[in-house]
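The following exercises practise the reading of contacts in a protein model. Please attempt each task before turning to its solution.

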Amino acid sequence: MRPRRLRSALTLLSTLTAAATLAVGTAGPATAAERPAPVRHTAATHGTTSGLAPVTELLAQRLLLADKVAAAKYGTDTPIDDPEREARILDDVRARAAGLGLAPDAVAAVFRDQMEANKLVQRGLYARWDANPGERPTERPDLAKEVRPALDRITTQLLAALDDTERARALPSCGPRLATAAGWSAYTHRLDALHLKGLGRALPSVCTP
């Protein structure tokens, strides 16, 4: 069972997902090309997120890269699941977390959630493209040269953000504050129902016990 303080975060994301589903109706989630440009944060916005916005912003950015990962893999022999690469990444973040003085397994849990969220979005996009051939991507991003370097940059930034927010993530108030920050990140990036569901999957391990 998830920690009680995370329930509000997950409830908020469920509400946002339901709202987005109603907004898109039966048309399915918007593609990256169709999604409006992110709304810029204001000073007031940053004030309401209680210090966890840097984390949820990076989670949203990483999640949106799932569109490019899916476009790179769709129609090829490259599977969505890549256990060997995932294990290498988790070993790497454990080592880097230890160097920052963070709990390696707790940090690895955060990144494992990001991987599962990313794959959730990829599977959703595959299902959409299978059902609607006209919406399939017309370009194939370079997974090795374009997409994975971007993911690696976010990994470094997310490790730093987890380090900066270590104390805030251990507080009993982390759940509600994470919910607020996640709500703003979802709003600024105009996340559709599929990506909102992915963001909800990305959250459970952010707050530490």
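C174 is buried, and C207 is buried as well; the term means under 20% relative accessible area, while exposed means over 50% and partly exposed lies in between (1.4 Å probe, protein chains only). The model is predicted, so that local features need pLDDT of at least 70 and side-chain atom pairs count only at pLDDT 80 or more, whereas totals for chains, interfaces and linings use all residues. Residues are numbered from 1 along each chain as its sequence is written, and side-chain values use heavy atoms, with hydrogens and water left out.

**Exercise 1. The disulfide**

Determine which residues a disulfide joins, and where they lie.

*Solution.*
Step 1. A disulfide is a pair of cysteine sulfur atoms within 2.5 Å. The structure holds one.
Step 2. The disulfide joins C174 to C207, with an S to S distance of 1.9 Å. The angle about the S-S bond is -85°, and the link is left-handed.
Step 3. C174 belongs to helix 8 (residues 174–188) and C207 to the segment after helix 9 (193–202), so the link ties together parts that are 33 residues apart in sequence. Helices here are DSSP runs (H or I, at least four residues), numbered from the N terminus.

**Exercise 2. The aromatic cluster**

Identify which residues ring pairs link into a cluster, and state whether Y74 and W129 are buried or exposed.

*Solution.*
Step 1. Rings of Phe, Tyr and Trp (its six-membered ring) pair if their centres lie within 6.5 Å; planes under 30 degrees apart count as stacked, over 60 as edge-to-face and the rest as tilted. The structure holds four aromatic pairs.
Step 2. One of them is the edge-to-face pair of Y74 and Y126, at 5.0 Å centre to centre and 75° between the planes. Y74 is in the loop between helix 3 (53–73) and helix 4 (83–100), and Y126 is in helix 5 (residues 104–131), 52 residues apart.
Step 3. Y74 also forms an edge-to-face pair with W129, at 5.2 Å centre to centre and 75° between the planes. W129 lies in helix 5, and this pair is 55 residues apart.
Step 4. Y74, Y126 and W129 are thus linked into a cluster by ring pairs. Y74 and W129 are both buried, and Y126 counts as buried at 17% relative accessibility.

**Exercise 3. Salt bridges**

Find which residue forms a salt bridge with R201, and where the two partners lie.

*Solution.*
Step 1. A salt bridge is a side-chain nitrogen of Lys or Arg within 4 Å of a carboxyl oxygen of Asp or Glu. Side chains of opposite charge can pair when their charged atoms come close. The whole structure contains 11 salt bridges.
Step 2. The partner of R201 is D113, and the closest N and O atoms are 2.8 Å apart.
Step 3. D113 lies in helix 5 and R201 in helix 9, so the bridge ties together parts that are 88 residues apart in sequence.
Step 4. D113 is buried, with a relative accessible area of 7%, whereas R201 is partly exposed at 30%.

**Exercise 4. The backbone and side chain of R190**

State what phi R190 has, and over which residue's face R190 lies.

*Solution.*
Step 1. Most residues other than glycine have a negative phi. R190 has a positive phi of about 55° although it is not a glycine.
Step 2. R190 is found in the loop between helix 8 and helix 9 and is partly exposed, at 32% relative accessibility.
Step 3. R190 lies over the face of Y187, at 4.6 Å from the ring centre. The criterion is that NZ of Lys or CZ of Arg is within 6 Å of the ring centre and within 35 degrees of the ring normal.

Conventions:
Helices (H or I, at least four residues) and strands (E, at least two) are DSSP runs, numbered from the N terminus.
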